[in-house]
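These are my notes from one sitting with a structure. I went through enclosed space, open pockets, salt bridges, backbone angles and the surface.

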Amino acid sequence: MADIPQNPKLGSIIIVGFVIVAVFTVVIMLFAKYLSREKLPALTLTITFLFWGLSGIAVFLGFILHYINMPDINTLIPAGEIQYSRYGINLGYLFSAASNMFMVLFISQIFSQTPMFRRTKKTIPLVNAILNGITIGLIINTLSLSLKTVADGADITEVYNPQYPIAQTIYHLILTLFSFTLLLALSYKERKDASLRWERTGFTFIILYGFSGIMIYVMFVLDLIFPLILPDIFGLGYTIFNYSGWVFAILMCTFAYLGYAMPKRLRNLLKEPEVN
Amino acid sequence: MIENAIIFSKDIGEALIATQIGDIDPNSDAFSESLNQIRDIATKLERGVFKLGLNEQLIAQILAEKGISVTFVFKTSMDDKILSQWESVAKEIAVKFKKVYDPNDFDIVKISEFKKSMLEMIEWHKKELSPIDKMKDALW
């Protein structure tokens, strides 16, 4: 028997709105880079962030529709009616998995010179895409199961109420950990080899971006786990971990903007004075 | 640009692989004096990296490991940063070569097979830009 989700809190909805603005700022900056240079890694990274932005929009719309239908935090949308936030979160994870696929592809394009990618060519992004494809398949299955009615044999609490099981969330966390850790490790090595300050700083921002990216999903998993083990302290959802996850998302976008788009003013500020 | 690659055995004091990549053939008479200079260092250097100026145009980067050393010869115009990137290629080649080379059981087939994979590694490194250059090319 499925549970009925808590109503989203207004604070949570607002912070997701800020995340969307932050992500699409990065998307626009990266797309502008692609248009001016027409280089494939810039396009791949733009798509990575675009999917992440779509993930944010899906969650945001789910939360908004849920909130409009039931603004009172203490009254849940009854069983058998559409649980909008669940659809939003599931679609959010679906787009996030798609974003993961393109992120590893981007890593393979930028770090193609490394022995790992010389030996394996595009095997790593391909396997990663398949594994993330499993997440997408599981979510599509969950969404289609939620469309079953009581007449089809579904429990009333399962109707229009797609779950997001902890196992599935942890599976997605592992894949996200893999892609961000790969980026972190390769960027760390490259940072050590970089000779100019602004190049080192660029990779530092990319490392911070990767760390923030990992923390988002760690926070979301904690938001699922803590209410289960300590319900008296953490209530039934939208805990401090949920808010922290979205704050890390804003940080991730900020570091992505600084590390990938690297505004000219920042680069000039970091450039060492020329020795005559 | 990289001109040639040479692997020395310290046990026998000779080059086991000497292959041309750019314009300069390491087996040519014109290069023999430079080859002797490299051999002197490459077979004596215990461990580490040594840069040896051969003449006005060429520089050799020698990476010594236990039993063997890997040398790349470049045009002197090569940037220091790029030389350090090649160092990691030399390290990888040295590690892999030690797996196929046994001074007590010299297998010419294994060595010539290794030469092919070594050339593959070098060609890949030449073809692909470094991550910093790719970032500069696409984003920075």
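The entries below follow the order in which I looked things up.

**Entry 1, status.** I am working from a predicted model.

**Entry 2, cavities.** I began with closed space and counted 2 cavities of 30 Å³ or more. The largest has a volume of about 50 Å³. I listed its lining, which includes Trp52(A), Asn100(A), Met103(A), Phe180(A), Tyr209(A) and Met252(A). Helices α2 (40–69), α3 (84–110), α6 (166–193) and α7 (197–229) of chain A are the elements that give two or more residues to this lining. The largest share, 4 residues, is from α3(A). By class I noted 7 nonpolar, 5 polar and no charged residues around this cavity.

For the second largest cavity I have a volume of about 30 Å³. Tyr93(A), Thr135(A), Ile139(A), Tyr164(A), Pro165(A), Gln168(A) and Thr169(A) line it. At least two of these residues come from each of α5 and α6 of chain A. Charged residues are absent here as well: the lining divides into 4 nonpolar and 3 polar.

**Entry 3, largest pocket.** I then turned to open space. The largest pocket has a volume of about 750 Å³, and 31 residues line it. Nearest its centre I find Arg86(A), Ile89(A), Tyr164(A), Asp223(A) and Leu224(A). Tyr164(A) was already in my notes, as part of the lining of the second largest cavity. Helices α2, α3, α7 and α9 (240–261) of chain A each supply at least two lining residues of the pocket. Which element gives the largest share of the lining of the largest pocket? I recorded α7(A), with 7 residues. The class count is 19 nonpolar, 9 polar and 3 charged.

**Entry 4, second largest pocket.** This one holds about 350 Å³ of space. Of its 18 lining residues, Pro115(A), Lys189(A), Asp193(A), Gln85(B) and Ser88(B) are the closest to the centre. The lining draws on both chains, with at least two residues each from α4 (115–120) and α6 of chain A and from α2 (80–100) and α3 (108–127) of chain B. I noted α2(B) as the element that gives the most, with 5 residues. By class, the lining has 6 nonpolar, 7 polar and 5 charged residues.

**Entry 5, salt bridges between chains.** My search of the whole structure gave 13 salt bridges over all chains. I looked at Glu92(B) and Arg118(A), whose side chains meet at 2.6 Å, N to O. This pair crosses between chains, from helix α2 of chain B to helix α4 of chain A. Are its two residues, Glu92(B) and Arg118(A), buried or exposed? Both are buried. Arg118(A) and Glu92(B) also belong to a network with Arg119(A) and Lys96(B), joined by salt bridges that share partners.

Next I took Lys39(A) and Asp137(B), which form a salt bridge at 3.6 Å, N to O. Lys39(A) sits in the loop between α1 (10–37) and α2 of chain A and Asp137(B) in helix α4 (131–138) of chain B, so this pair joins two chains. Lys39(A) is partly exposed at 29% relative accessible area, and Asp137(B) is partly exposed at 33%.

**Entry 6, a salt bridge within chain B.** Glu65(B) pairs with Arg47(B), with their closest N and O atoms 3.9 Å apart. The cut-off for a salt bridge is 4 Å. Glu65(B) is in the loop between β4 (58–64) and β5 (68–75), and Arg47(B) is in the loop between α1 (32–42) and β3 (48–53), so the pair ties together parts 18 residues apart in sequence. Glu65(B) is buried at 15% relative accessible area, whereas Arg47(B) is exposed at 52%.

**Entry 7, positive phi.** Most residues other than glycine have a negative phi. I noted two residues that do not. Lys121(A) has phi near 50° and lies in the loop between α4 and α5 of chain A. Its relative accessible area is 44%, so I put Lys121(A) down as partly exposed. Tyr160(A) has phi of about 55° and lies in the loop between α5 and α6 of chain A. Tyr160(A) is partly exposed too, at 29% relative accessibility.

**Entry 8, surface patch.** Last, I checked a nonpolar patch on the surface made of Leu126(A), Val127(A), Ile130(A), Leu131(A), Ile134(A) and Leu138(A). Together they have about 500 Å² of accessible area. Leu138(A) is in helix α5 (123–145) of chain A and counts as partly exposed, at 36% relative accessibility.

Terms used: Residues numbered from 1 in each chain as written. Chains lettered and ligands numbered in written order. Predicted model: local features only at pLDDT ≥ 70, side-chain atom pairs only at ≥ 80, totals over all residues. Heavy atoms only, no water. Patch = residues over 30% accessible without salt bridge, like charges linked within 9 Å, V, L, I, M, F, W, Y side chains within 5 Å. Areas by Shrake-Rupley, 256 points an atom, 1.4 Å probe, with all protein chains shown as cover. Buried < 20%, exposed > 50% of the residue type's maximum accessible area, 1.4 Å probe, protein only. 1 Å grid on protein atoms, 1.4 Å probe; cavity = no way out; pocket = protein on both sides within 12 Å on 5 of 7 lines; lining within 4 Å. Points joined across faces, edges and corners; volume = space filled by probe spheres on them. Nonpolar A, V, L, I, M, F, W, Y, C, P; charged D, E, K, R; others polar.
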